[in-house]
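Subject: Structure for your review

Dear colleague,

I am handing over the structure we spoke about, and my notes on it follow directly below. Please read them with the model open beside you.

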Amino acid sequence: MTEMVRRLLRQKLGSIGIVIALSLLGLLTVFQIIAGGGEGTLESGGFLALLILAAGSVSRDSSSGALQMILARPIRRVEYLYGRYCGILIAYTLYVVTIGVLALVLSPLLRSMLGVTVALSAAGLARGVVAAFLSAALLAAVLLFFSTFLRGYGDVLAYFLWTLLLGLPDALARPLGTTWLSRFGSLARENLLPRVSWGDVLRGQDVFSGAVGAYVLAVTGYLALAALVFSRREFSYGQD
Amino acid sequence: MDRIEESPPAAPETGARKPQGSQSKLPPILLAIVAAAVVLRIVTGLAGRQKAEAGPGLVRWVPQEKAASAARSDARPVLYDFTAAWCMPCHRLDTEGWEDPDIAALVNASYEPARVMDREREDGRNSGPVEDLQRRYSVTAFPTLVVASPDGRLIAKYEGYAGKERLRRFLEEARRKAPAS
């Protein structure tokens, strides 16, 4: 699995385009944090970075033929898959920690330039890093799941379609005046793409809330489904 | 192009290979982890429901449908808290106002407190009893606190949330206005 993690890190961070995109995004997030966005900015600012890091994590290996080469060795498919997942999360953690440290270091200098009076707290930023990591764990699991059976960057497209689909019952319920449809939509959204207020949870509020339970189940569910699909898949030789 | 042969060999007409037995085997621990996550989801879901039914803070809320009859039997006024899930001042009232031990003691001693949750934004409409109460007390904003006599007559009304002190004053004034039990 360690080799799979190393491979993903080499693949993603070895590309100059990805490094430039992540650097620009990172600098923008640092400015936003210092300009008063606070710890929550790390979570929202990291979203695009995670998409870049996680997109096509399995499908690109599959279409290039690298996956077939890897699976020719005595390695379990689950090991490969979860190695990719760990790789995405490690790369993302490096990214958010770097942003957090940069924000903290540059804050005294940039605050006077931007005319911001509110000082950044190291504890707040640490909470932001953990919150960003926890949110990323779900998104990465969803993308990994879609990547096991969709080609190219279909996983990113599928993620956006998935969020739209889960919002559809709610959007239809109002004009149709159907309460059950709205309830169904809320239930589906709360369980399939749960949103947890990590800031509150990390302050010790609602640690064992329904949203946290739904989050844990969603992450494990997507990862288990990804493993199931991936273990049953048949790979063609460079035909994708 | 290099071809990697595995046992059983790939079917030549499809160019695909079947997953190898031991390689594609799922570890049993995965099933155990999913089962544990399902249990956690059920437990947290049930705990969350119980907490939601109990209502926020230190106030001993009574179900909205039982508030009027409880008020009649205890000869105390009803305190309706008209609230909504999307309403930010309502959350402030919940975490700041109803969490205050003095305010909660005042409410528990003097009123039959009941929460009336608006679901129009989420569900498109409210249930009949909620709509009746909102119409009867002309509730148009959230949060709105209504103090009503056991027979349903309006005693006092307070819209919005402007801090604990203002809330305490309202509750004390409304208690004075209420007919003596």
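Where does α8(A) bend, and which proline follows within four residues? The bend, of about 35°, is at G167(A), and the proline that follows is P169(A). Please keep in mind throughout that this is a predicted model, and that the values below are computed from it.

Chain A, helix α8 and its surroundings

Despite that bend of about 35°, the length of α8(A), which covers residues 154-176, is what one would expect: at 1.5 Å a residue its 23 residues should span 33 Å, and the C-alpha atoms at its ends are 32 Å apart, so the two values agree. The buried residues of this helix include D155(A) and Y159(A), as well as P169(A) and A173(A), and among the elements that cover the buried residues of α8(A) are α4 (59-64), α7 (122-147) and α9 (179-192) of chain A. Just after the helix, G177(A) adopts a positive phi of about 65°.

One residue of the covering helix α9 of chain A can be followed in detail, namely L181(A). Leaving aside residues up to four places away in sequence, L181(A) touches P169(A), L172(A), A173(A) and L176(A); of these, P169(A) and A173(A) are among the buried residues of α8(A). L181(A) itself is partly exposed, because 19 other C-beta atoms lie within 10 Å, whereas a residue needs 20 or more to count as buried. Between L181(A) and A171(A) the separation is 10 residues in sequence and 9.4 Å in space, taken from C-alpha to C-alpha.

Chain A as a whole

The secondary structure of chain A consists of 11 helices and one strand, and in the order of the sequence the helices come before the strand, in the pattern α-α-α-α-α-α-α-α-α-α-α-β. The C-alpha trace spans about 60 × 50 × 30 Å along its principal axes. For 240 residues a compact globule would have a radius of gyration near 18 Å, and chain A, with 20 Å, agrees with that. Buried residues account for 38% of the 240 residues of this chain. If one takes the contacts in chain A between residues at least 6 apart in sequence, 76% of them join residues that are at least 24 apart.

Chain B, the sheet

In chain B there is an open sheet of four strands, in the order β3-β2-β4-β5, and its pairing is mixed. The edges are formed by β3 (112-118) and β5 (154-159) of chain B, each of which has a single partner strand, so that one side of each lacks a neighbour in the sheet. On average, and with direction ignored, neighbouring strands of this sheet are turned by 20° against each other. Helix α7 (residues 164-177) of chain B packs on the sheet, where it touches β4 (144-148) and β5 of chain B, and its direction makes about 170° with that of β5(B).

How many bridges join β2 of chain B to β3(B)? There are seven, and the two strands, of which β2 covers residues 78-84, run parallel. Within this pairing, V78(B) has E112(B) as its bridge partner in β3(B), and D81(B) has R115(B). Although β3(B) is an edge strand, it is mostly covered, with six of its seven residues buried.

Chain B, backbone features to check

Three places in the loops of chain B may interest you. The loop between α6 (128-136) and β4 of chain B contains P143(B), and the peptide bond that leads from F142(B) to P143(B) is cis, with omega near -5°. S138(B) is found in the loop between α6 and β4 of chain B as well, and it has a positive phi of about 45° although it is not a glycine; with 10 C-beta neighbours inside 10 Å, S138(B) counts as exposed. A75(B), in the loop between α2 (64-74) and β2 of chain B, is likewise not a glycine and has a positive phi of about 50°. A75(B) is exposed, because 12 other C-beta atoms lie within 10 Å, and a residue with 12 or fewer is counted as exposed.

With best regards

Conventions. Residues are numbered from 1 along each chain as its sequence is written. Chains are lettered from A and ligands numbered from 1 in the order in which they are written. This is a predicted model: local features need pLDDT of at least 70, side-chain atom pairs count only at pLDDT 80 or more; totals for chains, interfaces and linings use all residues. Two strands pair if DSSP finds at least two bridges between them. Axes are lines fitted to C-alpha atoms, for helices over the stretch in contact, and angles run from 0 to 180 degrees between N-to-C directions. Two residues are in contact if their C-beta atoms, placed from the backbone, lie within 7 Å. The radius of gyration is taken over C-alpha atoms; the globule rule is 2.2 Å times the number of residues to the power 0.38. The expected span of a helix is 1.5 Å times one less than its number of residues. The bend at a residue is the angle between axes fitted to the seven residues ending there and the seven starting there.
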